[in-house]
Amino acid sequence: MKVFHKKKHLFLYGMGGMGVNMLNLVIGSYLCDAVMTAGFDKNIEYWTYANKTLVVAVVWSIMITIAKIIDAVIDIPLASFADRLGTKWGKRRPALLMGLIPMMLAFVAFLNPISGAAKSLANTIWLGAFLMIFFVFYTLTMGTYYATFSEVTDNEKDRVLLSNYKTVFDIIYFLLGYGLIPLMIDPVHLNIRIIGYIFLPLALTMLIPIFMIKEGSTLKKDLGKAGSGEKGVHLGKAIKYCFTNKSFLIWMAVYAVLQFGLQMFIAGENVYYSNGAMGFEGWKITLVMAAVFVPIPFTLLLYNKVVRKGGIQTGFVFSLLAFGTAMAIMGICNSNIVTNDTLRLVLAIIGGLAASFGIGCFFSISYTIPSHLADLQKRETGDSNPSMYFAVQGLFSGIATAIATGLVWVNLKEHYTWVLPVIVLVATTVTLWLSFLLPKKINDVGLESHDKVEPVSSENADTLSAGIDFESENEQGAETVACVVDTTGENIS
């Protein structure tokens, strides 16, 4: 596959996933809520599809949970499919197209309930089915896209730079989602379904990597020829690489709890800010959302400085402390506790600024660690299965998200919205405790004293892999890759 070194190419490639992620945000944070009136007490005719509950609440909660679980479990077979796909056009571009087109069609179907009746079981089944279809093809699209991060770069500095560019575009779509959409609801008074159609064409940003990727045929008859594609690892072996990696599994335990809290915050913040808990409208919500997401490129710089001085665990701990502080402030900002509107808004903005420090770290790490581990595995074994690392991470994250946003949040938001920051704070505290279980070889990553790892080439791959610290399977009972990325792009272990 063609490798990119120029910043402009990495910048464009990092933009590719923005539109698809935007659709996922719209459907997960707005449209799933918009089929019910529960949790809304202002501008209900714009926040919801039809100013009434179109689904059976209990069944809908189950459907969302099933959809989230499918989203998590389907990662693994789809990752194997994307890594082993054989076509004359390669494996990545066809997989991206196979995911993108059905995903957009499922999104349109979700915007159009089958019935206008209130509390309709037909609507519940229709919307639940297309939510599941959306998540399946969203997973294929984004899992394939993330897998290419270790393929379109050949050194750690470029890989981390690409991950950071992706994080910046994450912030853009979050600002569009959580800053602009509330303004489109009030004062513009657009219905949420119309807003969904407005953002649908943004998914075509995925055409950027589709056109930028250059790979040879992955048909069996062409493998091994000059310029041909690379055959992936079979499913069982790919899974074994991930689940026998002790350090990766420890990270997955940390990451799952982190995602439980983070995804509950992301899914519920618009309801918490706009309705009973804080009572904000339009521009006030935009200010708070801007405080959460706009500073992230700058807080990433601060985070990188902390990592260089104390290692990645120190940076992660500071991020968790900042995010936990933000949740405490968010809880205090309940309109029943702070009755003055101006003071409540000021406190909410301060809390948003604290949250931005944590969120920037959480996003960047989730891209760099799996792609880096996949690259190191290839250096050591010659086997390439980058999609599987993201798939396993997605499995842990998906289960945590399903519990947080399906089972917990859907059943809390009607009468217990105020509990949101309390639950997230508890999850953040548990994540902080678990972070101290990370092995020393991860904790110290990012220190200025660490050496760089040179790009892989066919001539130096063996030398490089010999210089990487791997615990032997005979000594530990499992092959362990222990390496985490410093988000500065300057130092790794």
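Contact here means heavy atoms within 4.5 Å. Keep that in mind as you click through this predicted model.

**Whole chain**

Start with everything on screen. You are looking at 21 helices and 2 strands. Of the 493 residues in the protein, 60% are buried. If you draw the contacts between residues at least 6 apart in sequence, 81% of them join residues at least 24 apart.

**Stop 1: H11 and H17**

Select residues 235-243 for helix H11 and residues 386-412 for helix H17. Their axes come within 9 Å and cross at roughly 65 degrees, so H11 is roughly perpendicular to H17. The crossing of these two helices is right-handed.

Now show side chains. On the H11 side, pick Leu235, Ala238, Ile239, Tyr241, Cys242 and Phe243; they meet Met388, Tyr389, Val392, Leu395 and Phe396 of H17. Colour this contact by class and you get 11 nonpolar residues, with no polar and no charged ones.

**Stop 2: H2 and H6**

Next, select residues 18-34 (helix H2) and residues 92-110 (helix H6). Here the axes are 12 Å apart and the packing angle is about 25 degrees. Angles under 35 degrees count as roughly parallel, and H2 and H6 are therefore roughly parallel to each other. H2 passes H6 in a left-handed crossing.

Which residues of H2 and H6 make the contact? From H2, show Val20, Leu23, Val26, Ile27, Leu31 and Cys32; from H6, show Leu100, Met103, Phe107 and Phe110. By class, that contact has 10 nonpolar residues and no polar or charged ones.

**Stop 3: Leu105**

Stay on helix H6 and pick Leu105. Buried or exposed? Leu105 counts as exposed, because its relative accessibility is 59% and the cut-off for exposed is over 50%. While you are there, put a distance label between the C-alpha atoms of Leu105 and Phe130: they are 25 residues apart along the chain and separated by 9.2 Å.

**Stop 4: the salt bridges**

Side chains of opposite charge can pair when their charged atoms come close. How many salt bridges does a search of the whole structure find? It finds 2.

For one of them, select Arg92 and Glu151, whose side chains meet at 2.9 Å, N to O. This pair links distant parts of the chain: Arg92 sits in helix H6, while Glu151 is in the loop between helix H7 (121-147) and helix H8 (156-185), 59 residues apart. Switch on a surface to look at burial: Glu151 has a relative accessible area of 13%, so it is buried, and Arg92 counts as buried at 0%.

For the other, go to Asp170 and Lys166, where the N to O distance is 2.5 Å. Both are in helix H8, and because they are 4 residues apart, about one helical turn separates them. Asp170 is buried at 1% relative accessible area, and Lys166 is buried too, at 0% relative accessibility.

**Stop 5: Thr205**

Finish in the loop between helix H9 (192-199) and helix H10 (207-212), where you will find Thr205. This residue counts as buried, with 12% relative accessibility. Leaving out residues up to four places away in sequence, what does Thr205 touch? Select Met15, Gly16, Gly17, Met18, Gly19 and Val20 to see its contacts. Val20 should look familiar from Stop 2, as it belongs to the H2 side of the contact with H6.

Technical notes. Residues numbered from 1 in each chain as written. Predicted model: local features only at pLDDT ≥ 70, side-chain atom pairs only at ≥ 80, totals over all residues. Heavy atoms only, no water. Axes fitted to C-alpha atoms, helices over the stretch in contact; angles between N-to-C directions. Parallel < 35°, antiparallel > 145°, perpendicular 65-115°, else oblique. Left-handed = near helix turned anticlockwise from the far one by under 90°. Nonpolar A, V, L, I, M, F, W, Y, C, P; charged D, E, K, R; others polar. Salt bridge = Lys/Arg side-chain N within 4 Å of Asp/Glu carboxyl O. Buried < 20%, exposed > 50% of the residue type's maximum accessible area, 1.4 Å probe, protein only.
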